[in-house]
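Work through the following exercises with the model open beside the text. Each task is followed by a solution in steps.

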Amino acid sequence: MNAVDTRERTAVRWPEGKQFAFTIFDDPDAQSVEDGKRVYGLLGDLGFRTTRGVWPGGAVRTPNSGGADCEDSEYVRHTQSLQAAGFEVGYHNHTRHSSTREEIIGGLDAFRTFFGHDPSAMANHYNADAIYWGPARLTQPLRTAYIVATVGRTNGRHFGHVPGHPSFWGDVCRQRIRYCRNFVYSNVNTLAAIPWMPYHDPEKPFVNAWFGSTEGSNAPKFLDALRESSQDRLEAEGGACIMYTHFGHGFVEDGVLSARFVELMRRLSRMNGWFVPVSTLLDHIQSCRGVSSLSDEQRRRLERRWLWEKVFRGTS
């Protein structure tokens with residue numbers, strides 16, 4: 001067995017005798033303050049502690065997304081109350097449109113004012129300031145394959161990692177943020193899909209460490225990914241799920257939480273899982289085996305699998 005296979009099969013022992021780990025990184029797109037209170041009220045009551053991504057800055061140009069941001073004082077108060085209860089606050093780029101380097105730095109300073117420290121974990125929004133996004137998520141020749149498969153829709157749109165561009169902030173990301181999300185897979189066991197997580201990619205030096213997620217970008221995808229058989233498999237494998245979602249996309253209709261969402265989360269809460277925020281989970285894995293430096297072969301494996309799922313399954 002080679003070194004890569006050995007590392008892949010090195011199981012992580014979860015704290016407190018827990019059998020598996022589960023968390024969520026929730027992007028703020030389309031999420032209202034009141035709907036957020038409904039979702040997070042349920043999660044908190046059931047014992048989950050997850051990560052809420054926020055936009056620290058308010059929109060000063062035409063937004064590309066709906067949803068509350070930290071210009072809304074009630075949204076900030078609610079998010080601070082979640083943080084006090086043990087939830088994590090993550091970063092989803094500066095605001096709901098593309099931003100300049102100066103705006104981004106100002107937004108990170110505002111984040112620190114609101115929440116007491118820099119964000120530990122982030123997930124890109126589809127802005128010009130997204131870092132290593134679009135075709136830059138991949139290396140050649142898969143980068144070209146991605147451009148062809150997506151008909152060039154994201155070509156020349158993301159510049160957070162490009163020195164000299166007005167939206168460049170890669171050096172700031174490296175200084176102030178520890179974990180950044182990239183690949184998303186259909187596997188409920190995110191750690192099985194990305195066994196080297198968290199990892200550093202030498203081809204993407206402005207990000208300290210990357211993590212991946214399980215596809216759950218809207219309510220139907222989330223509920224399918226977390227169906228009963230998947231919950232049982234996650235527990236049986238002793239794995240870790242970092243669910244990617246937008247709680248603003250179909251989890252609340254006319255002020256009422258999805259009954260299926262409530263049912264599945266209640267069931268999961270009764271299982272022997274470690275339910276902690278994204279950074280807490282990644283910190284634990286890192287404490288067990290460090291941050292992997294991705295090899296060329298490991299990168300190719302992650303990229304090939306993600307591109308296949310992107311094209312044929314519509315993962316994010």
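**Exercise 1. Decide whether Ala30 is buried, partly exposed or exposed, then describe its backbone.**

Step 1. Set the classes: buried means under 20% relative accessible area, exposed means over 50%, and partly exposed lies in between (1.4 Å probe, protein chains only).
Step 2. Ala30 has a relative accessible area of 35%, so Ala30 is partly exposed.
Step 3. Ala30 sits in the loop between β1 and α2; helices (H or I, at least four residues) and strands (E, at least two) are DSSP runs, numbered from the N terminus.
Step 4. The phi of Ala30 is positive, about 70°, although the residue is not a glycine.

The model is predicted: local features need pLDDT of at least 70, side-chain atom pairs count only at pLDDT 80 or more, and totals for chains, interfaces and linings use all residues. Residues are numbered from 1 along each chain as its sequence is written, and side-chain values use heavy atoms, with hydrogens and water left out.

**Exercise 2. Treat Val151 in the way used for Ala30, and state where Val151 lies.**

Step 1. Val151 belongs to the loop between α5 and α6 (170–176).
Step 2. Its phi is near 55°, a positive value in a residue other than glycine.
Step 3. With 67% relative accessibility, Val151 counts as exposed.

**Exercise 3. Locate the cis peptide bonds that precede Pro141 and Pro198.**

Step 1. The bond from Gln140 to Pro141 is cis, with omega near 5°. Pro141 lies in the loop between β4 (121–122) and α5 (142–149).
Step 2. Met197 and Pro198 are joined by a cis peptide bond with omega of about -5°. Pro198 is placed in the loop between α7 (190–193) and β6 (199–200).

**Exercise 4. Check the length of helix α2 and find what covers its buried side chains and backbone.**

Step 1. The expected span of a helix is 1.5 Å times one less than its number of residues.
Step 2. Helix α2 (residues 33–46) has 14 residues, so 20 Å is expected; the end C-alpha atoms are 20 Å apart, which agrees.
Step 3. The buried residues of α2 are Val33, Gly36, Val39, Tyr40, Leu42 and Leu43.
Step 4. An α-helix has 3.6 residues a turn, so residues three or four places apart point the same way.
Step 5. The cover over the buried residues of α2 includes strands β1 (20–26), β2 (51–54), β9 (252–253) and β10 (256–257), together with helices α3 (73–84) and α10 (259–269).
Step 6. Gly47 follows α2, and its phi is positive, near 95°.

**Exercise 5. Which residues does Gly86 touch, and where is Gly86 found?**

Step 1. Gly86 is in the loop between α3 and β3 (88–91).
Step 2. Its relative accessible area is 33%, so Gly86 is partly exposed.
Step 3. Not counting residues up to four places away in sequence, Gly86 touches Arg49 and Pro277; contact means heavy atoms within 4.5 Å.
Step 4. Thr50 is 36 residues from Gly86 along the chain, and their C-alpha atoms are separated by 8.2 Å.

**Exercise 6. Describe the nonpolar cores.**

Step 1. A nonpolar core is a set of buried Ala, Val, Leu, Ile, Met, Phe, Trp, Tyr and Cys residues joined through side-chain atoms within 4.5 Å.
Step 2. The largest one has 47 residues, and those with the most contacts inside it are Trp14, Ile131, Trp169, Phe211 and Leu281.
Step 3. Leaving aside neighbours within four places in sequence, Leu281 is in contact with Trp14, Ala21, Thr23, Ala240, Ile242, Trp274 and Val276.
Step 4. A second, separate core has 30 residues, among them Val188, Leu226, Leu257 and Met271.

**Exercise 7. How many disulfides does the structure hold, and why do Cys70 and Cys173 form none?**

Step 1. A disulfide is a pair of cysteine sulfur atoms within 2.5 Å. The structure holds 0.
Step 2. For Cys70, the closest cysteine sulfur is in Cys173, 18 Å away, too far for a bond. Cys70 is buried at 6% relative accessibility.
Step 3. For Cys173, the closest cysteine sulfur is in Cys180, 5.8 Å away, also too far for a bond. Cys173 is buried as well, with a relative accessible area of 1%.

**Exercise 8. Compare the radius of gyration of the chain with the globule rule.**

Step 1. The radius is taken over C-alpha atoms, and the rule is 2.2 Å times the number of residues to the power 0.38.
Step 2. For 316 residues, a compact globule would have a radius near 20 Å; the protein chain has 18 Å, which agrees.
Step 3. Buried residues make up 55% of the 316 residues.
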